[in-house]
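Hi,

Here is the structure I promised to pass on. Have a look at it first, and then read my notes below.

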Amino acid sequence: MKLKNSCLFLLMVIGIFSCGNPDDNSGLVAVPPRDLSEVIVEDDAEILAFLQSHFYNYEEFQNPTADFDYRIKFDTIAGENSDKISIFDSGSLAGVEFGMETISVSSVELLSASDEVVDHTLYYLVARQGVSETAPTIGDNTNVRYEGSLLTGEVFDSSVEQPIQFNLSRVVRGFGNGLEYFKSGTGPIENGDGTFNYEDYGVGAIFMPSGLAYFSTPENNIIPLYAPLVFKVELFSFEKDSDFDGDGIPSFMEDLDMDGNLNNDNTDDEDEVNTFSPNYADTDDDNDGILTIDEINLNDDGSFLSYRDTDGDGIYDHLDDN
Ligand SMILES: [Ca+2]
Ligand SMILES: [Ca+2]
Ligand SMILES: [Ca+2]
Ligand SMILES: [Ca+2]
């Protein structure tokens with residue numbers, strides 16, 4: 001499984017860089033990452049060029065045959081396919097031009113030399129919307145099949161046969177944020193041979209600029225620096241209101257600044273210089289020695305009921321080490 005969280009890796013890199021001048025002694029000269037605001041312009045242009053020059057097998061999705069596998073395929077608009085409708089014009093694409101929100105990315109979290117917050121557009125193509133009532137949140141555990149590739153079509157990672165479990169905050173940011181727009185299917189349905197199937201699940205693709213992926217940290221010797229990525233996705237199922245750390249608070253509620261990113265909310269970060277554990281992955285959020293689950297109120301069934309503020313200072317007990 002290579003679809004790791006770039007943010008946690010980057011935080012480790014910050015630690016290394018902050019230990020001293022990289023020009024000293026080693027003879028190695030660190031190349032500072034490029035400015036985020038410069039890279040996003042290039043990435044967005046590359047993504048748009050791809051969306052306008054390629055189509056997906058929309059005809060198969062519109063009039064599926066009995067044996068259609070509901071897998072997305074891309075091809076260029078050329079030759080015998082020169083009359084196909086581009087992904088951009090397909091009516092199945094969403095992104096900022098289509099009324100969706102942008103995602104704010106802090107250059108500091110990507111080690112970019114610039115100190116800026118830059119809006120990023122995440123484009124996603126919904127070829128088939130799933131049938132579940134709700135979509136997963138950024139904190140939920142999901143059961144997905146996927147294939148990650150460069151815009152050139154070169155595949156760098158996939159799980160296209162068997163579904164795999166991902167928590168949407170433990171993967172690259174664009175993948176987690178993109179899956180929030182898909183619904184899941186029905187199942188599992190036992191096939192009789194020990195395998196399981198799902199039906200009517202969401203199928204689509206997510207197109208992300210490098211600032212929502214690996215940016216300046218190349219992966220697997222395949223993903224180059226500053227590479228926009230595309231992920232084909234199939235969302236079989238998800239666990240609603242997942243509680244990743246089991247502290248009684250659903251993960252999505254541990255996004256204190258409500259920016260849709262759970263990896264930048266760490267109440268006791270001063271105590272975790274080398275062991276950064278954001279609140280959604282920390283059983284003692286304020287590091288006062290009392291577990292979070294013992295500082296909140298739970299229902300009889302163990303689900304979240306309410307927060308406590310014993311000393312009335314406006315800071316909840318589990319975030320208040322005083
Ligand atoms: Ca939790
Ligand atoms: Ca946050
Ligand atoms: Ca923590
Ligand atoms: Ca505590």
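How many helices and strands does the protein have? There are four helices and 14 strands. Keep in mind that this is a predicted model. The average pLDDT is 88 for the protein, and 89% of the residues score at least 70. The stretch to be wary of is residues 4–25, where pLDDT stays under 50. For that stretch the model has 25 contacts beyond four places in sequence.

Some overall numbers before the details. The protein has 322 residues, and 38% of them count as buried. Looking at contacts with a separation of 6 or more, 66% are between residues 24 or more positions apart.

Now the sheet I spent my time on. It is an open one, built from six strands in the order S3-S6-S11-S12-S7-S8, with antiparallel pairing. Strand S3 (93–94) and S8 are the edge strands; each has a single partner strand, so one side of each is left without a neighbour in the sheet.

At the S8 end, strand S7 (residues 141–150) runs antiparallel to strand S8 (residues 155–167), and eight bridges join the two. If you want a pair to click on, threonine 142 has phenylalanine 166 in S8 as its bridge partner. The hairpin of S7 and S8 has four residues between the strands, and glycine 153 takes a positive phi near 100° there.

S7 also pairs with strand S12 (residues 229–239), again in the antiparallel sense, over 10 bridges. Here tyrosine 146 stands opposite valine 233 in S12.

One more residue to look at is phenylalanine 196, which is found in strand S10 (residues 196–199). Is phenylalanine 196 buried or exposed? Neither, quite: it has 14 C-beta neighbours inside 10 Å, and being buried takes 20 or more while exposed means 12 or fewer, so phenylalanine 196 counts as partly exposed.

Which residues does phenylalanine 196 touch, leaving out those up to four places away in sequence? They are Gly187, Pro188, Ile189, Glu190 and Asn191. I also checked phenylalanine 196 against proline 163: the two are 33 residues apart in sequence, and their C-alpha atoms are 9.9 Å apart in space.

That's what I have for now. Shout if anything is unclear.

Cheers

Key:
Residues numbered from 1 in each chain as written. Chains lettered and ligands numbered in written order. Predicted model: local features only at pLDDT ≥ 70, side-chain atom pairs only at ≥ 80, totals over all residues. Pairing = 2+ DSSP bridges. pLDDT = per-residue confidence, 0-100. Contact = placed C-beta atoms within 7 Å.
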